[in-house]
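The following exchange introduces a structure to someone who has not met it before. Please look at the sequence and the model first.

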Amino acid sequence: MKASFSVNNRPAEVDGHPMERLLDVLRERLGLTGTKEGCGEGECGACTVLMDGEPVLSCLVPLLQCEGRRIETVEGIAAGPARDFLERFVATGGVQCGACTPGIVVTAWSLLERNPEPSREEAREALAGNLCRCTGYEGILRAICKETES
Amino acid sequence: MNGIGESPPRPDGFAKVSGAAVYLDDISLPGMWHGATVRSPHPHARIRSIRFDPAAAPAGTVCVTAADLPGPNGVQLLDDGWPILADGFVLHVGEPVALVAAPTRLEARQALAAVTVDYEPLAAVLTLEEATALPPLYELRMESGDVDAALSRAEHVIEGEYRTGHQEHIYIECQGMIAEPAEDGGILVTGSMQCPYYVHKALVHALGLPDDRARVRASVVGGGFGGKEDFPSALALHAALLARACGRPVKMVYDRHEDIVGTSKRHPAVIRHRTGVDGDGRLLALDGEILLDGGAYKTLSPVVLSRALLHAFGPYRWPNVRLQGKVLRTHTAPNSAFRGFGAPQVEFAIERQMDRIGRALGLDPYEIRDRNVVEPGDRLPTGQVLDATTSARLCLEEAERRTGFRAKWKALEAAREGISGGDGEPRRGIGLALYFHGAGFTGNGERKMKSPVTARLLEDGRIEVLTAMTDMGQGCVAVFPQIAAAAAGIGPEDLVFAPPDTGDVPDSGPTVASRTTMIVGALIARTVSELRDRVLAGSGPGESFREAARRYREEAGPVEVTFRHEPPEDQAFDESTYRGAAYPTYAWGADVVEVEVDPDTLAVRPLQATVVCEVGRAIHKTLCAGQIEGGTLQALGWALLEEVKLQDGRYLNDRLATYIIPTIKDCPRIDVHLLERAWEGGPFGAKGVGELPMDGGAPAAVQAIENATGLTVDEIPATPERLMRAQEVAR
């Protein structure tokens, strides 16, 4: 099938199998390798992207669901107004190995757009679907929640 | 903000948060094919035949079996006893039997069906109990003093048996490797790894290549935790064999399922202690037995067992110690390096044993530790005299001061009504553990390696530092420049760090054993300082370092300094008697963990972890704390959630949907407090930190469960199912 949608505010047209994973479309057809595969079954959140502004797991989204949608990946978010947040994310120790990071950045950014000053509990709720094995999540929470900063 | 103890942004940070960092699976080369692995479905079987039917596979598919190997069928580590591909027999489920490569990832997977293996299943040994009847893969013992005499005199003799389970690394980036054949018959391998020179050694050994025909580059590493210490050597060989067979670059990237099935885990352990104690709770003798499940092949298990023995006595004074350790062989995937490397298992056991002693004598967990904790100048059972930075007591006291542990523990003990009350109110508990970790290689490892670091002057006047260390997230990319800049008194802009590529960098050893900052960091400080001295010796007034360096380079030509690590003479260890300095120094820690236990479901929720650590000086405070935060959660996952379930040698939970690691909602608030005391042997006083935080979380958490419920927990993970069994035993 042919599907037309936008990726990081640019039009994309992809001709592929309707069940092709959005994750593979992004990484292999569009060269957007910032989105990572951690488990391939929707458990780890490393492949999170925004679809019409909502976080989705791109390993579970088939091409056929992408028609007419607006997709944003970590590359798009990093090129936009998230820069300060991303620098903060590095400074607080939110990133170590970085493999979960794109998914966490995407999820966290969509939270911050809705709720610029989330509580620790709100941040924990939003990030419940993103696994990180390096940080113990503390550095990530320091980046997102101002109350945790001290 | 680039000084020692400050926290400059890690240089790779923005690339990682913006998706620009290039991991192995993000690399695609022209003409590259993909590899896949045919694996054993049996825990133990004879291979009658392997048949590849090209007609059933995508066009051009190549297949490699043990029969096609150009040299010895072994992954060179301590020895080469771990087969590259099974030959004649398979010894565990998931063992690689054949490899295929095809033009796409999908076609490579389809090609697996074209390989038919005929097996004759054989009886399998699957538990440690069955394995004790067979010859061990490895054994060790150490003894000091007269344990039998001390036990016969002791007022109390207390016995305990403790069990810990497998743990899967779950680095978020799965194992991955790309091999490219070179025209001269050599091979270039790029991959996710901790130890480029281990991979290099394995390639030249198995492929019969001269050293300079194999080149190994580490890509950005998406997590390691020990899981990328030895396994990448096997995967690199697999990719290299396929690349040679098809004459193209071949990529092999495991999906999560394959990564769990096919790679190593933390050794399950059974530890038995018999302890003699006097009437005041002073420790007199420890008689301990450590059994590790090595899985099917030895891999790094002998070294893991060695570290286990050397941490089994905990941070306590023991006049008499006898320890016997065995790595037993089962028909399961080989267990190998995982953060802590044998220490977490034995420290869980000794901490639980201390709790048992305390209960027997009516002493609270703080008191029993306080009476026996090691101090500077004390001797370990190896005879090693502990140095001035021995901080176990400091950590213990600071943890008490910050948490009020004793009063809380006693109040909860006194108020405890047991778990079976029907009110449904969560039960609270608090637990304390004291721990230590020897930093750097065990025994004479560093002396044997004499690892080098090189610094050279570039034409533009910058200093290039060359090491083989990889950054798997821990942050040596930030810490090394801090050390080099501070040691040489130059700016970070005057420094450049070569990527870990065996074609360029010297073999400064593996990125393991909490040695990177402490050992390699100290060498960087020396080499860069020496180069700086040479430059400045001839510098003119008012000349910047860069100007002077550029001029010196122009006049002197290529300038290079290499220093090797040489442990001080008094840091000797006798591997036959287990006497001497097993580690150059130790890092110390105390954890207080508070939990809530649901009385109906027996689910445990950790609420708060207070972690007090002494790791010498912290070079980069945020990254140092990050190691401790992450390690603490990994320890709590091992203690409470993470369980590898095996049936007939097969993993029942070989996916992230069923192998559960802590999410952000399973994570307590983790408060880290660094007690900084400079250790003279480390760069600016730093000790190793990476593994230490894996040692304390589990015993602290289960002591808290015991405090909350009154249930004795001697086995982890302390899942609700296990707690229910403990409850049934208690009734």
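Reader: Which residue of β23(B) stands opposite B:Leu434?

Author: The model is a predicted one, in which local features need pLDDT of at least 70, side-chain atom pairs count only at pLDDT 80 or more, and totals for chains, interfaces and linings use all residues. Residues are numbered from 1 along each chain as its sequence is written, while chains are lettered from A and ligands numbered from 1 in the order in which they are written. β16(B) and β23 (585–597) of chain B pair in the antiparallel sense over 13 bridges, pairing being counted if DSSP finds at least two bridges between two strands. Opposite B:Leu434, in β23(B), stands B:Ala590.

Reader: In what order do the strands of the open sheet of four strands lie?

Author: Helices (H or I, at least four residues) and strands (E, at least two) are DSSP runs numbered from the N terminus. β16 (427–439) and β27 (669–674) of chain B each have a single partner strand, so they stand at the edges and one side of each lacks a neighbour in the sheet. The pairing in this sheet of chain B is mixed, and the order is β16-β23-β24-β27.

Reader: What is the bridge partner of B:Trp588 in β24(B)?

Author: β23(B) and β24(B) run antiparallel, joined by ten bridges. They form a hairpin with six residues between them, and B:Leu602 in the turn has a positive phi of about 60°. In β24(B), B:Trp588 has as its bridge partner B:Glu614.

Reader: Which residue of β27(B) stands opposite B:Gln608?

Author: β24(B) and β27(B) are paired in the parallel sense, over six bridges. Eight of the eleven residues of β24(B) are buried, so this strand is largely enclosed by the rest of the structure. A residue is buried if 20 or more other C-beta atoms, placed from the backbone, lie within 10 Å of its own, exposed if 12 or fewer, and partly exposed in between. Opposite B:Gln608, in β27(B), stands B:Arg669.

Reader: At about what angle to β16(B) does helix α18 of chain B run?

Author: Axes are lines fitted to C-alpha atoms, for helices over the stretch in contact, and angles run from 0 to 180 degrees between N-to-C directions. Helix α18 (residues 697–709) lies across β16, β23 and β24 (604–614) of chain B, and its angle to β16(B) is about 160°.

Reader: Is B:Gly489 buried or exposed?

Author: B:Gly489 is found in the loop between α14 (476–488) and β19 (495–497) of chain B. Its C-alpha atom is separated by 38 Å from that of B:Ile27, 462 residues away along the chain. Because B:Gly489 has 12 C-beta neighbours inside 10 Å, it counts as exposed.

Reader: Which element gives the most to the side of chain B that touches chain A?

Author: In all, 43 residues of chain B are in contact with 39 residues of chain A, contact meaning that C-beta atoms, placed from the backbone, lie within 7 Å. Both α1 (13–17) and α17 (621–640) of chain B supply at least two residues of that side. With eight residues, the element that gives the most is α17(B).

Reader: How many residues of α17(B) are buried?

Author: At 1.5 Å a residue, the 20 residues of α17(B) should span 28 Å, and its end C-alpha atoms are 28 Å apart, which agrees. The expected span is 1.5 Å times one less than the number of residues. This helix is mostly covered, and of its 20 residues the number buried is 19.

Key
Two residues are in contact if their C-beta atoms, placed from the backbone, lie within 7 Å.
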